[in-house]
Amino acid sequence: MKILVCISKTPDTTTKISFVDGNTKFNYEKVQLIINPYDEWYALVRALELKEKGLAAQVSVINVGLADSDAIIRKALAIGGDDAVRVNAEPTDAFFVADQIAQYAINEKYDAVFLGKETIDYNGSQVGGMVAGIMDVPFISLASKFELNGNVATAERDISGGKETIEVTAPFVISCSKGMAEARIPNMRGIMAARTKPIKVIEPNATEKLTSVKNYELPIEKAGCKMIAADNVEELVRLLHEEAKVI
Amino acid sequence: MSVLVYVEATDGKFKKPSFEAITYGAKVAAMLNVEIHALCIGEVSDDELKSLGNYGANKIWFVKDERLKNFDPLVYAKVITQVESQTNSDVLVLIQNFNGKAIAPILSARLKAGLISGAVDLPLMSGDSFTVKKNVFSGKAIANYEMHSAKKIIALTSNSIAPVATENKATVQEIKIELTDADFKLKVKEVVKASCKISLADAEIVVSAGRGMKGPENWGMIEEMANILGAATACSRPVADINWRPHGEHVGQTGLTVRPNLYIAIGISGAIQHLAGVNGSKVMVVINKDAEAPFFKAADYGIVGDVFEVVPKLNEAFKKFKSGN
């Protein structure tokens, strides 16, 4: 089985969010960029575990981004990816990204596409389902467990009101959430090996733009926290009922 | 042209997120001066389907097919695209829950329709373009998204709009869908219903606790508070990581994002990653022994004190309040 793992470049989870150019662009200054945690911790590591067990022959990494993505791609290779491809374009919207990934997966005959359940910047949960829609293959959404037996996958995933265990034959797309695998830290050997692993750069397909961000806003600052004495909890109950009107 | 809202019933009953989605769809339809259709897949009584009309739906369609009993996003998307075509709908509204997150992007790819997942407000319309607000950076910012495509899909975040009941009569009708056995590529082996009574993602009140609880054996008082208030329970990431609580309860940047009306944080310091998952909450209460805990800066009401003293007293006060109402 050939697995394609999609990685997205996101700001580190501790980033203080701000915007520039009249709140139309994210302020990347002094921001550390990382592999989207869901892509790295769950999708990539689970794919690598399958390879280590002899269940997958190849784990490739794909990113849609400009040359500043190379650092996170190298990290994915240091963790254990075999090779990588970068689609040389600014990731403008989810459909654009999904179309690039889907076309590459079809052309290169990948059996499975792995990615995180969402990115921590745009929180769309869109790319996985779109890739499945374009490829017309089953979509294992929000999976927390995944096992492979030849070409047949068994997965547990979140559905409204519970969990569902499903069985599906490759090809498929899977979006990974917590529980799939444990995060790994690349070791020195992996980092050295990653230096010589290939990163192929390809040009994007023309794809229509379905959405764009007009501008951003920051949440309205809270008026301030009203402190209540620890021995006066009845006052909190009263405020929640009469002032906040939430109970 | 019309608006189509896809809703789901749980055990044959519609819950608040469905009524919110219908209300949202009805408001969008009113802005466009078009009809609003509702679609439901599966076994739901006629009366229950009619209840969607109370929130503004003009025509309610249901699909009955034994093979659709279990959830498969690819097949459900196929059903919805057929209904979309038969009802001539250009705007689709779904709920941004686990199933919505799976179906909506497939629909988007199929229909070449722009998708806003996690909308928190009604669209602003200008010509053919919609601008919709959505939370980004895990709740640390809001983006105004523009949709340029002719067809548009909006997946609505729960608790973003209040359901509005209207005097409205709707028709309920079955709609025929063409599906072949080859469409069912996914075999469902088992479905386990969530054990908690109230789903965390949809809960109006969430009681959440963190490392300040000192150990999993102390969660009795947290569950008690949730019971008294009819709330769901949640926890911070460290607590889920050391297996004091199930992963499904973890809220924060890498866990679940919640936006209840009331979020009560007990023994949680309020790291930026945790705040990212909860700061959409309307009212936040923080109880922590450390007056310097960063969570107080984000909170509306705070109590500095030992949780093991404050929480039992607060539970008594909540109980007294509930019995008096």
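**View 1. Burial and surface of chain B in the predicted model.** Among the 325 residues of chain B, 59% are classed as buried (under 20% relative accessible area, against over 50% for exposed and partly exposed in between, with a 1.4 Å probe and protein chains only). The accessible surface of chain B amounts to about 13,000 Å², and carbon and sulfur atoms contribute 50% of this area (Shrake-Rupley method, 1.4 Å probe). The model is predicted, with local features requiring pLDDT of at least 70 and side-chain atom pairs pLDDT 80 or more, whereas totals for chains, interfaces and linings use all residues. Residues are numbered from 1 along each chain as its sequence is written, chains are lettered from A, and side-chain values use heavy atoms, without hydrogens and water.

**View 2. Fold and dimensions of chain B.** Nine helices and 18 strands make up the secondary structure listed for chain B (DSSP runs: H or I of at least four residues for helices, E of at least two for strands). Along the principal axes, the C-alpha atoms occupy a box of roughly 60 × 45 × 40 Å. The radius of gyration of chain B is 21 Å, which agrees with the value near 20 Å for a compact globule of 325 residues (C-alpha atoms; rule of 2.2 Å times the number of residues to the power 0.38).

**View 3. Domains of chain B.** Domain 1 spans 2–183 and domain 2 spans 205–324, with bounds from an automatic or database domain assignment. Their contact (heavy atoms within 4.5 Å) involves ten residues of domain 1 of chain B and nine residues of domain 2 of chain B. The C-alpha centres of the two domains are 32 Å apart.
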